[in-house]
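Student: Got a minute to go through this one with me? I'd like to start with the strands and then get to the helices.

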Amino acid sequence: NEALSGAQVAALTRRDSAMERADEKLSPPLRQQLAELAPGALLEVVVDLRDQVDPLRLAALVDTRPRSRRERRALAVEAARRVADASQRRVRRTLDSLTALGVVSAHRGYTVMNRFIVEATPDVVRVLARHLDVSRIIPATVKEPEVPMYRRREHGRARDAQGELPPWALGAVGADSAWRLGLAGGGAVVGIIDAGASASHEQL
């Protein structure tokens with residue numbers, strides 16, 4: 001694998017600005033969950049750290065000379081790992097101390113997005129929000145909103161889809177509002193580019 005110098009790692013690092021107040025790092029859904037939980041209850045959260053790989057700088061570095069697809073991927077993974085190492089080391093010290101106290105039940109670091117998945121008590125989540133390396137904390141799982149169920153639009157009218165899972169994304173993108181305006185999306189060409197999924201990917 002291609003080695004990155006310390007100067008290259010520093011150049012690839014984008015340090016996200018931190019919120020002035022710790023509670024601003026907590027997403028609104030998370031603040032609501034924390035308010036409803038008993039003090040000793042456990043909650044799984046995603047803790048994003050401030051240091052992240054800058055994708056534009058990484059792309060510029062990758063393109064400095066011809067590289068195979070495998071070399072480009074290896075360089076990107078190495079950059080993410082090196083950028084995450086220092087900040088994760090600092091946060092992990094805090095998490096290990098809290099684990100020893102029994103208020104963190106599990107934590108795991110990820111590098112593609114520099115973050116931790118942490119299972120801890122509400123008080124610990126608030127402590128983590130005060131950490132200088134933390135940019136935001138969100139729930140690990142989000143309840144999908146309740147929206148009407150629709151099938152494909154036929155003859156200008158949306159039909160109920162009895163017995164099917166609700167496609168909540170339709171409400172999220174405002175499709176029902178567009179349908180009420182008579183916009184059915186006919187004739188639109190939609191393209192999707194997907195590289196597929198790897199069962200061995202660290203975030204799966």
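Student: So how many residues of strand β2 are buried?
Tutor: Six of the seven, so to speak: β2 covers residues 43–49 and is mostly covered. Keep in mind that this is a predicted model.

Student: Okay, and which strand do six bridges join to β2?
Tutor: That's β5, residues 115–120, and the two run antiparallel.

Student: Which residues sit across from V45 and D48 in β5?
Tutor: V45 has V118 as its bridge partner, and D48 is bridged to R115.

Student: What about β6, how many bridges does that pairing with β2 have?
Tutor: Five, again in the antiparallel sense, with β6 spanning residues 134–139. One pair to look at there is L49, which stands opposite V134.

Student: Zooming out, what's the strand order in the sheet?
Tutor: It goes β4-β5-β2-β6, an open sheet of four strands with antiparallel pairing. β4 (104–110) and β6 are at the edges; each has a single partner strand, so one side of each has no neighbour in the sheet. From one strand to the next, the twist averages 20°.

Student: Switching to helices. Which strands does α4 lie across?
Tutor: β2, β4 and β5, and α4 runs at about 165° to β4.

Student: And α5, which strands does that one lie across?
Tutor: α5 lies across β2, β4, β5 and β6, at about 150° to β6.

Student: At what angle do α2 and α5 pack?
Tutor: About 140°, with the axes 10 Å apart; α2 is residues 28–36 and α5 is residues 122–129.

Student: Which residues make that contact?
Tutor: On the α2 side you have L30, L34 and A35, and they meet P122, V125 and R126 of α5. Sorted by class, that's five nonpolar residues, one charged and no polar.

Student: Last thing, E78. Where is that?
Tutor: In helix α4, which runs over residues 69–100.

Student: Why does E78 count as buried?
Tutor: Because its relative accessibility is 16%, and the cut-off for buried is under 20%.

Student: What does E78 touch, if I skip its neighbours within four places in sequence?
Tutor: E2 and L4 are the residues in contact with E78 then.

How values were computed
Residues numbered from 1 in each chain as written. Predicted model: local features only at pLDDT ≥ 70, side-chain atom pairs only at ≥ 80, totals over all residues. Heavy atoms only, no water. Buried < 20%, exposed > 50% of the residue type's maximum accessible area, 1.4 Å probe, protein only. Contact = heavy atoms within 4.5 Å. Axes fitted to C-alpha atoms, helices over the stretch in contact; angles between N-to-C directions. Nonpolar A, V, L, I, M, F, W, Y, C, P; charged D, E, K, R; others polar. Pairing = 2+ DSSP bridges.
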